[in-house]
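Biologist: I'd like a close look at a single part of this model. Pick one helix, start from there and take me through its surroundings step by step.

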Amino acid sequence: MTTPLYLTPRLEDRLASLLDDPDFLHRLTHALGSPLNIVLPDQIAENVERFRAVHDRHRLSGTVYYAHKANRSSALVRRLADTPAHIDIASLGELQHALGSGFSPDRIMATGPKNPELLWLAARTGVSVNLDSVDELHLLADLVTRHRLPKARVLIRLSDFESSGTTVLTKRSRFGTPVGRIGMFLDALEKHRDSTELTGVAYHLDTIGLAEKATALEGCVRVMRECAARGFRPRAVDIGGGFGVDYLADGAQWEAYTSELTNAVLGKRPPLTWQGHGYGLRSEAGTLRGALGLYPAHRPVSGPRYLDELLSQSSASLGRPLATLLLENLHDLHVEPGRALVDQCGAVLARVLEVRDTPEGECVVRLEMNASDVSLEEHGVLMDPVLVRRPGAPSTAGTNPTGAYLIGNLCLEADFITRRMVFLPHRPEVGDLLAFANTAGYFMDFSADHALHQPIARKVAAYRTAGTWDWCLDENYWPISRTEESR
Amino acid sequence: MKYDSITEVIGDTPLVRIAPEIHGLDNIDLYAKLEMLNPFGSVKDRAAWNMLQPHLERGGADRTVVELSSGNTAKALAVLAAMHGLPFKSVTNRMKVPEIKDLLLLLGAEIEELPGQAECLDPTNTEDPLTKIHQLLSADTASYVHTDQYYNERNIEAHRNSTGPEIIKDLGGHAPDYFIAAVGTAGSSTGCARALRAHDPDTSVVGLVAHKSDFIPGIRNIDEVHEVGLFDPGTYDTIESVSADEAIDGMLTLVRRCGMLAGPTGGAAYFGAVRHLRAVDAQLTDRRTAVFIVCDRVESYMSYVHKRRPELLRRPARPNSLASLTDTDLAAAVSIDTPAAQRWIEETRPLVVDLRGSFAFDALHIPGSVNIVDEVFAELLHGGMPFGRNQPVLLACPVGEQSAKYAALLTRMGHGDVRSLTGGVVAWRDAGAPLVRD
């Protein structure tokens, strides 16, 4: 076999310690079946502190909102309710879940597409509403008036910010109101002064580009000025999420892998993927075209560090660092990390059902799960699973690294867990587990379904007591006597 | 030398020998082809002019010249387009060199920065923004002239017909044994290689690329070169990579010891050339010649150097700076909270200095305060005390941190009654004290 091209996941202590306990993991899957989702509630509390530390470093007031959509787990939300964090919900179900998990309404914000039921429950309980459009404002104000609800706290979500100097192009968003139409929005808010109170302005851009976000943040500061001039008293600038996660332990592996993928697409080495799939790259007369449709899995500047970097950018038109600008204008800074807040917060386990070699000499590993149970591929994240051998398995001494294709339990040609060849340090055997680490953000339960009557993974919360791992079903977790720090 | 147009000055650049005691090679004469002496400052002047000319001859009136470039090609095209009354637009992933960005704006160019990659991947969207721009440009040839430097044969031709032959002429009708060039669009390396090999098929061509995680202006990394239409691996006998640090080291040798004010790209070429030749040199018994290209000048890369090697731009410490404060100085500063400050203002009428930015001051401030933005205040203090030593002063900043430092500094400088507002304007607001916009 050619040199193995590993993409080793980055594991911090807690997650590494969990994956280093094969007896525990095999007992769990033996009892609860495969696939199995594990979440680590104590990790999310630690992550909240890391984001808050960035606020502290820049002397900024404001709040970390967890973007609930990243994971449906109750344990994570309940553990979070026991921290200073707030929560950002994007559906009626998520709002009910947050309220039922211990978040008081003043710690909840509704964003994204909203139906009238969500707007009513938000206004009824006093949850902030991040307004997408003037139409949504009218709808909300109408509900407040007709049902004699308390004044609704609202933020305006903006889009299409204008840059100065160079034109910073940005992909069009289906959300938010163009910043150029802010006057009209404020007219409408003036009309609804009896039923709404403007508390802030917001944006969320789906990009990893700092320049675009800096442009938007600066735009928000200007809009805050305009709001004040019109007699409103908003306090907060909400800059959304998109801070990213560093998935891989070793940048050199990522560089080697992507270089080799390029060579494979150009036909200069044997394929690294099923049927030469190029992840968006293609060869046209020997020249590489297209774009690598992959998440940049090695991202040292991600999560809290990315936020820090953004706040340290200089405003192009106002000439001050963005953090200084927020601070001296007395604005609060709200952030809404999803993926970055559940970094290192869980893993998906799957049992190996079959290992065979094709006539072409390729190793195929069939797992008791399917592609929707761990949607790494759908989100373009390339990261190796961790091989957890079954207790009592023979020693691996003398065995060689193996490149294998991972296939799922659906009777469907396309059911590949990933279309790339995954390199494992040893050839797996029936009964071993593959642990897909760091998958709590979007990869765990976002897309899972019951196709072919296959089971959806159960979810458990794991926590350490007195140095050993313990667990309970996700729905039975409450942050009392189950957290690491006994209180 | 008299010319009718600046465009006639493009090309015919000097070939200058690097002194052997600098490069340390025993058997090789190393020459630098000083492309930085082209009128607009770089090797790209030749390609830009050669690519644009046919459009001008065909009468490209009113069409916008467009190129995907964030560097020297954009610069040269911006000058040439402006000279001929055409608008120029540069489309770029990211302007990584701020000096070039400002220069392009000064030249009247328009810059469009492409959007960053999505945080949430949409796997159905595999078309890169560049491909979309290509489609847009080729669909609308009436409005745009796309010079297309990464695919345009005229980019190569410029060097095959001028740069390469100039080298042969200057070496007394011989092609060098080794030719070393950084690979950006592959235009200069391919063009020169063709001319040199046509004269002497034994010329060995070394292509230099950047380390994958590094950024060297004007050089592509080993993956990115495959996206270049003009790039053909067969052009090069070897392809080697250079790190940003090595490029700066090479640049330092050229600027400090050779009197060649080369930028990091030229530095990379020098470093890569010497590294490659040193291994060859040891085996040689007869004399050989080698040529590398110095692509452009150093002046545009000050912020690049500042970011990567700040120690190279050391400056003497200035008097009265915050950095010089000791813990004892800080402990000696007087701070007062909002109620006490309000009483003091009422009784003594101190000068209230708000150190925040003007945008923030303009929005809301303490009644009667004056705004001296912290950066300006720091500048003033380098020169000395900006007000009388007995004039009571209250300093305010956002949270009381900076004002405490400046209070300490002023106290050390001998001021008699300077106080810092504890908790800053934020605490003032939270205490319900008045803020005005007047």
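**Starting from helix H2 of chain B**

Modeller: Where helix H2(B) passes helix H3(B), the crossing is right-handed. Keep in mind that this is a predicted model. H3(B) covers residues 72–83, and the axes of H2(B) and H3(B) lie 9 Å apart, at an angle of about 50°. How do you put a word to that angle? Under 35 degrees counts as roughly parallel and 65 to 115 as roughly perpendicular, so H2(B) and H3(B) end up oblique to each other.

Now let's see what else H2(B) takes part in. Rolling a probe the size of a water molecule over the atoms shows where empty space is left. In this model the search turns up 4 cavities of 30 Å³ or more, and the largest cavity has a volume of about 180 Å³. Which elements give two or more residues to its lining? H2 (44–57) is one of them, and with it come H6 (153–170), strand E7 (178–182), H7 (187–199) and H9 (264–281), again in chain B. So, that's four helices and a strand around one hole, by that list.

Altogether, 18 residues line the largest cavity, and those nearest its centre are Val43(B), Lys44(B), Ala182(B), Ser188(B) and Cys295(B). You can match some of these names to the elements: Lys44(B) falls in the range of H2(B), Ala182(B) in that of E7(B) and Ser188(B) in that of H7(B). What is the lining made of? By class, there are 9 nonpolar and 8 polar residues, plus 1 charged residue.

Let's follow E7(B) out of the cavity wall. This strand belongs to an open sheet of 6 strands in chain B, written in order as E1-E2-E10-E7-E8-E9, with mixed pairing. In that order, E7 has E10 on one side and E8 on the other. At the edges you find E1 (15–17) and E9 (238–242), each of which pairs on one side only. On average, neighbouring strands of this sheet are turned by 25° against each other, if you ignore direction.

Keep going from E7(B) towards the E9 edge and you get to E8 (residues 204–210), which runs parallel to E9(B) and is joined to it by 5 bridges. If you want a spot to zoom in on, find Val206(B), which stands opposite Thr238(B) in E9(B). While you're looking at strands, here's a handy rule: in a regular strand the side chains alternate between the two faces of the sheet.

One more stop in chain B makes a good comparison with that parallel pair. Strand E15(B), residues 418–421, pairs in the parallel sense with E11(B), residues 334–336, over 3 bridges. E15(B) also pairs in the parallel sense with E14(B), residues 393–396, over 3 bridges. The residue to click on is Arg419(B): Val334(B) stands opposite it, and Leu394(B) has it as a bridge partner too.

So here's the path to retrace on screen: begin at the oblique pair H2(B) and H3(B), go from H2(B) to E7(B) through the lining of the largest cavity, then step across the sheet from E7 to E8 to E9.

Technical notes: Residues numbered from 1 in each chain as written. Chains lettered and ligands numbered in written order. Predicted model: local features only at pLDDT ≥ 70, side-chain atom pairs only at ≥ 80, totals over all residues. Heavy atoms only, no water. 1 Å grid on protein atoms, 1.4 Å probe; cavity = no way out; pocket = protein on both sides within 12 Å on 5 of 7 lines; lining within 4 Å. Points joined across faces, edges and corners; volume = space filled by probe spheres on them. Nonpolar A, V, L, I, M, F, W, Y, C, P; charged D, E, K, R; others polar. Axes fitted to C-alpha atoms, helices over the stretch in contact; angles between N-to-C directions. Parallel < 35°, antiparallel > 145°, perpendicular 65-115°, else oblique. Left-handed = near helix turned anticlockwise from the far one by under 90°. Pairing = 2+ DSSP bridges.
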